[in-house]
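Thanks for coming. I'll go through one chain this morning, starting with a single residue and working outwards to the packing.

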Amino acid sequence: MITKRDDRRYRFAIAMASHRTLWARIAFKQVAKVHKFDRNHVTLIMRTIDSPEAALERIKTYFEGQSRVYLANALRIIWKETGKASIAVMHDVLTGKDFFRDYSMITETTKDPVREGVQLTWDQFVEDKITSRANKVVGVTDTTHGQIQDVMAQGVKDGSTHYEIGQQIESKLDELWGARGETISRTEVNSAMNAAMLEDARAVAPDLNKVWACAFLNSRQDHMDADGQSVPQSELFVVGGEEMMEPGDDSASAEQIVNCACSMFFERPEEAPD
């Protein structure tokens with residue numbers, strides 16, 4: 001149900017959906033690295049420690065420490081790179097350039113001091129954001145450890161060998177990864193894109209209103225209801241009773257940000273509907 005106040009805004013929302021898909025594929029590779037590290041560590045622990053209790057304690061220590069470091073590093077790369085590309089796109093829109101050209105060329109345009117300044121500011125923004133963002137996603141590792149614990153307990157109950165339990169855990173990790181990898185990638189990319197676009201708008205055109213754009217007819221009802229909501233950049237959208245600075249704002253609940261595909265565009269305050 002992309003909002004259709006005029007054709008240009010409609011085409012912009014479609015273009016940003018394509019841009020998001022491109023970066024989600026790139027993000028997926030970063031998240032895949034985290035899974036690879038997790039799987040390798042757990043496999044190593046299971047193969048070198050014979051006691052189920054000791055192995056489980058070592059796995060718990062790993063997920064509470066090193067796994068979260070890997071995840072934070074992946075999120076840092078995803079946010080920084082997605083954000084810089086999105087700033088370039090948004091900057092072209094706000095300065096009247098053609099944003100429908102090949103996105104692979106978007107960062108190879110002539111140098112723009114204002115855009116470069118926003119991108120440098122973005123790096124620091126991400127550094128400040130990444131701890132809270134990683135904590136938002138860290139429940140994934142807590143859930144993973146809990147499910148490994150369940151597999152371990154069932155294996156012991158069934159009389160499985162330590163090696164067999166290790167294989168079952170590896171299989172469970174792969175199963176969990178298949179479901180979560182894409183979700184994390186899509187969610188983080190969309191959040192980074194919208195936060196970055198807002199950063200550029202604040203620098204280039206702070207007097208414009210930001211407008212919530214719901215991308216799909218099968219979106220959650222709260223987001224379809226928010227479609228077209230127009231507020232000053234410094235104010236908050238109200239979505240499903242929650243206040244959000246932009247789609248994907250991590251101050252909101254998981255219900256409002258996980259797998260969100262909403263975007264924003266910007267308009268003059270007098271263009272906003274009554």
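Is E116 buried, partly exposed or exposed? Its relative accessible area is 30%, so E116 counts as partly exposed. Before going further, please keep in mind that this is a predicted model. E116 belongs to helix 4. Its C-alpha atom is separated by 8.8 Å from that of A88, and the two residues are 28 apart along the chain.

Now the overall layout. The chain has 8 helices and 5 strands. Read from the N terminus, the order of elements is α-α-α-α-α-α-β-α-β-β-β-α-β. Of the 274 residues in the chain, 50% are buried. Take the contacts between residues at least 6 apart in sequence: 75% of them join residues at least 24 apart.

Next, helix packing. Two packed helices are described by the angle between their axes and the distance between the axes. I have two pairs to show, and helix 3 is in both.

The first pair is helix 3, residues 66–94, with helix 6, residues 162–204. Their axes come within 7 Å and cross at roughly 45°. The angle therefore makes helix 3 oblique to helix 6. The crossing of helix 3 and helix 6 is right-handed. Which residues of helix 3 and helix 6 make the contact? Helix 3 contributes L75, I78, W79, T82, G83, S86, I87, M90, H91 and L94. From helix 6 come E188, V189, S191, A192, M193, A195, A196, M197, D200, A201 and V204. By class, the contact of helix 3 with helix 6 has 14 nonpolar, 5 polar and 2 charged residues.

The second pair is helix 2, residues 52–64, with helix 3. Here the axes come within 3 Å and cross at roughly 30°. Angles under 35 degrees count as roughly parallel, so helix 2 is roughly parallel to helix 3. The contact is made by Y62, F63 and E64 on the helix 2 side, and by Q66, S67, R68 and Y70 on the helix 3 side. These residues divide into 3 nonpolar, 2 polar and 2 charged.

Two residues of that second contact can be followed further. F63, in helix 2, is buried, with a relative accessible area of 3%. Its C-alpha atom is separated by 7.4 Å from that of D142, and F63 and D142 are 79 residues apart along the chain. R68, in helix 3, counts as partly exposed at 26% relative accessibility. R68 and N135 are 67 residues apart in sequence, with a C-alpha to C-alpha separation of 8.6 Å.

On to the cores. In soluble globular proteins, nonpolar side chains tend to be buried together. The largest nonpolar core in this model has 50 residues. Which of its residues touch the most other members? They are F12, W79, W122, W212 and F266. Several elements give two or more residues to this core. The helices among them are helix 1 (7–48), helix 3, helix 4 (113–137), helix 6 and helix 7 (221–226). The strands are strand 1 (209–213), strand 3 (237–239) and strand 5 (263–267). W79 has come up before, in the contact of helix 3 with helix 6.

W212 is worth listing in full. Leaving out residues up to four places away in sequence, W212 touches H223, A226, D227, G228, Q229, F237, V239, M244, E246, P247, C262 and S263. There is also a second, separate core of 18 residues, which includes V34, A55, F63 and V151.

Two more residues and then I'm done. N209 lies in strand 1. Is N209 buried or exposed? With a relative accessible area of 8%, N209 is buried. Not counting residues up to four places away in sequence, N209 touches S230, V231, P232, F265, F266, E267, P269 and A272. The C-alpha atoms of N209 and Q233 are separated by 5.7 Å, and these two residues are 24 apart along the chain.

Last, N259. N259 sits in the loop between helix 8 (254–257) and strand 5. It has a positive phi of about 65°, although it is not a glycine. N259 is partly exposed, with a relative accessible area of 34%.

Conventions. Residues are numbered from 1 along each chain as its sequence is written. This is a predicted model: local features need pLDDT of at least 70, side-chain atom pairs count only at pLDDT 80 or more; totals for chains, interfaces and linings use all residues. Side-chain values use heavy atoms; hydrogens and water are left out. Axes are lines fitted to C-alpha atoms, for helices over the stretch in contact, and angles run from 0 to 180 degrees between N-to-C directions. Helices (H or I, at least four residues) and strands (E, at least two) are DSSP runs, numbered from the N terminus. Angles under 35 degrees count as roughly parallel, over 145 as roughly antiparallel, 65 to 115 as roughly perpendicular and the rest as oblique. A crossing is left-handed if the near helix is turned anticlockwise from the far one by less than a right angle, and right-handed if clockwise. Contact means heavy atoms within 4.5 Å. Ala, Val, Leu, Ile, Met, Phe, Trp, Tyr, Cys and Pro count as nonpolar, Asp, Glu, Lys and Arg as charged, and the others, Gly among them, as polar. A nonpolar core is a set of buried Ala, Val, Leu, Ile, Met, Phe, Trp, Tyr and Cys residues joined through side-chain atoms within 4.5 Å. Buried means under 20% relative accessible area, exposed over 50%, partly exposed in between (1.4 Å probe, protein chains only).
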